[in-house]
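Me: Please take a close look at a single part of this model, its nonpolar core, and describe how the parts around it meet.

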Amino acid sequence: PTLAGEPALPRLGADALTERERDVVRLVARGLLSKQVADSLGLSTRTVEKYRGRIMAKLGLHDVPTLVRWCLRNGLG
């Protein structure tokens with residue numbers, strides 16, 4: 001259930017993402033900045049931002065807080 005005014009979360013599960021996308025989104029859900037995610041995974045900041053954008057497009061999400069909620073509901077937080 002969603003709160004009034006809260007966007008509905010996509011019904012896609014974590015298996016809709018590649019393993020690398022799941023790695024990135026787990027760290028984003030923990031509150032890490034793109035630079036911190038990049039350092040942790042040995043990627044460039046730009047690559048992390050591209051992953052995050054691709055993940056959000058794939059899931060039909062438009063902001064990071066909603067992405068974090070999706071992660072938590074799908075066991076990726």
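Reply: What follows goes from the core as a whole to one helix pair and then to one helix.

The model is predicted, and its largest nonpolar core holds 20 residues, among which Val24, Leu67 and Trp70 touch the most other members. Two or more residues of this core come from each of helix H1 (19-29), helix H2 (34-41), helix H3 (45-59) and helix H4 (64-73). In soluble globular proteins, nonpolar side chains tend to be buried together.

Leu67 shows in detail how one such member is surrounded: leaving aside residues up to four places away in sequence, Leu67 touches Val25, Val28, Arg52, Ile55, Met56, Leu59 and Leu61.

Turning to the helix pair, the axes of H3 and H4 come within 11 Å and cross at roughly 70°; because angles from 65 to 115 degrees count as roughly perpendicular, H3 and H4 are described as roughly perpendicular to each other. On the H3 side the contact is made by Arg52, Ile55, Met56 and Leu59, and on the H4 side by Val64, Leu67 and Trp70. Sorted by class, the residues in this contact of H3 with H4 are six nonpolar and one charged, with no polar residues.

As for H1, its buried residues are Glu21, Arg22, Val24, Val25, Leu27, Val28 and Ala29, and what covers the buried residues of H1 includes H2, H3 and H4. Just after H1, Gly31 takes a positive phi of about 95°.

Definitions and conventions: Residues numbered from 1 in each chain as written. Predicted model: local features only at pLDDT ≥ 70, side-chain atom pairs only at ≥ 80, totals over all residues. Heavy atoms only, no water. Core = buried A, V, L, I, M, F, W, Y, C linked by side-chain atoms within 4.5 Å. Buried < 20%, exposed > 50% of the residue type's maximum accessible area, 1.4 Å probe, protein only. Helix = DSSP H or I, 4+ residues; strand = E, 2+ residues; numbered from the N terminus. Contact = heavy atoms within 4.5 Å. Axes fitted to C-alpha atoms, helices over the stretch in contact; angles between N-to-C directions. Parallel < 35°, antiparallel > 145°, perpendicular 65-115°, else oblique. Nonpolar A, V, L, I, M, F, W, Y, C, P; charged D, E, K, R; others polar.
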